[in-house]
Amino acid sequence: MKHFMPILIKFIVSFLILSFFLTPFGEISFLDILLTTAILVTLTYFAGDNMLLPRTNYTLAGLFDFLFNFATIAFIVYILTNLKTGFLLPSLFAAVAITVFEVFFHLYLVKNIFPDRPTKANAKTIEFQTEYSEELIPNDKNDD
């Protein structure tokens, strides 16, 4: 239940951004934008925000979000419309706008949703101990 609010926030903002940038297409409908938003939010929340963000830093998570958003939006717009050209630039602008939103969304997630996950500041350091021996070359029983 704690994931419902972040998914809802991400869905609403992503829908508004996609509507703004993809509406100039005459061939893309409201339901197509809704479907694109649902696919995009579902995949990026569970793959990027839930799995990648707690294990990496903000930069890597943001880069993943940008690349994944651009590829997904461009692919879905290409599939849903009959346009062969002219869909990459609006997809790029939409991906950049969603990535800017994701920067603030990641801060919200780390502070409110994943506060108990370890960060670099409070992570336990791993101490390794080396093992050594006096012999550099093992004894051979067949020495002449």
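Nine aromatic pairs are present in the structure, which is a predicted model. One of these pairs is formed by Phe21 and Phe93, whose ring centres lie 6.4 Å from each other and whose planes make an angle of 45 degrees, an arrangement classed as tilted. This pair connects distant parts of the chain, since Phe21 belongs to helix 1 and Phe93 to helix 4 (residues 88-113), with their positions 72 residues apart in sequence. Both rings belong to residues of intermediate accessibility: Phe21 has a relative accessibility of 23% and is therefore counted as partly exposed, and Phe93, with a relative accessible area of 42%, is likewise partly exposed. A second pair is made by Phe105 and Tyr108, with 6.2 Å between the ring centres and 35 degrees between the planes, so that this pair is also tilted. In contrast to the pair that links distant parts of the chain, Phe105 and Tyr108 both lie in helix 4, where they are three residues apart, or about one turn of the helix. Phe105 is buried, its relative accessible area being 2%, whereas Tyr108 is partly exposed at 28% relative accessibility. Ring pairs also join Phe20, Phe21 and Phe93 into a cluster.

With regard to the overall architecture, the secondary structure of the protein chain consists of four helices and zero strands, and the pattern read along the sequence is α-α-α-α. Of the 144 residues in the protein chain, 32% are buried. When contacts between residues at least 6 apart in sequence are considered, 75% of them join residues at least 24 apart.

The packing of helix 1 against helix 2 was examined next. The axes of helix 1 (residues 4-22) and helix 2 (residues 30-52) come within 9 Å of each other and cross at roughly 135 degrees, and the two helices are therefore oblique to each other. The crossing of helix 1 and helix 2 is right-handed. On the side of helix 1, the contact is made by Pro6, Ile7, Lys10, Phe11, Ser14, Phe15, Leu18, Ser19 and Leu22, while helix 2 contributes Phe30, Ile33, Leu34, Thr36, Thr37, Ala38, Leu40, Val41, Thr44, Tyr45, Phe46 and Asp49. By class, the residues of this contact comprise 14 nonpolar, five polar and two charged.

Individual residues illustrate how this contact is built. Phe11, which is placed in helix 1, is partly exposed at 25% relative accessibility. Leaving aside residues up to four places away in sequence, Phe11 touches Leu34, Thr37, Ala38 and Val41. The C-alpha atoms of Phe11 and Val41 are 6.0 Å apart in space, although the two residues are separated by 30 residues in sequence. Thr37, found in helix 2, has a relative accessibility of 0% and accordingly counts as buried. With residues up to four places away in sequence again not counted, Thr37 touches Phe11, Ser14, Phe15 and Leu18. Another threonine, Thr72, lies in helix 3 (residues 58-80) and is buried, with a relative accessible area of 11%. Its contacts, under the exclusion of residues up to four places away in sequence, are with Ile39 and Leu40. Leu40 is also among the residues through which helix 2 meets helix 1.

Helix 1 additionally packs against helix 4, at an angle of about 165 degrees and with the axes 10 Å apart. Angles over 145 degrees count as roughly antiparallel, and helix 1 and helix 4 are therefore roughly antiparallel to each other. Helix 1 passes helix 4 in a right-handed crossing, and a right-handed crossing is also found for helix 1 and helix 2. In this contact, Met5, Pro6, Ile9, Lys10, Val13, Ser14, Ile17, Leu18, Phe21 and Leu22 of helix 1 meet Pro90, Phe93, Ala94, Ala97, Ile98, Phe101, Glu102, Phe105, Tyr108, Leu109 and Ile113 of helix 4. The residues involved divide into 18 nonpolar, one polar and two charged. The contact of helix 1 with helix 4 includes Phe21 and Phe93, the two residues whose rings form the tilted pair with centres 6.4 Å apart. Phe105 and Tyr108 are likewise among the residues of helix 4 in this contact, and their rings form a tilted pair within helix 4.

Technical notes: Residues are numbered from 1 along each chain as its sequence is written. This is a predicted model: local features need pLDDT of at least 70, side-chain atom pairs count only at pLDDT 80 or more; totals for chains, interfaces and linings use all residues. Side-chain values use heavy atoms; hydrogens and water are left out. Axes are lines fitted to C-alpha atoms, for helices over the stretch in contact, and angles run from 0 to 180 degrees between N-to-C directions. Angles under 35 degrees count as roughly parallel, over 145 as roughly antiparallel, 65 to 115 as roughly perpendicular and the rest as oblique. A crossing is left-handed if the near helix is turned anticlockwise from the far one by less than a right angle, and right-handed if clockwise. Contact means heavy atoms within 4.5 Å. Ala, Val, Leu, Ile, Met, Phe, Trp, Tyr, Cys and Pro count as nonpolar, Asp, Glu, Lys and Arg as charged, and the others, Gly among them, as polar. Rings of Phe, Tyr and Trp (its six-membered ring) pair if their centres lie within 6.5 Å; planes under 30 degrees apart count as stacked, over 60 as edge-to-face and the rest as tilted. Buried means under 20% relative accessible area, exposed over 50%, partly exposed in between (1.4 Å probe, protein chains only).
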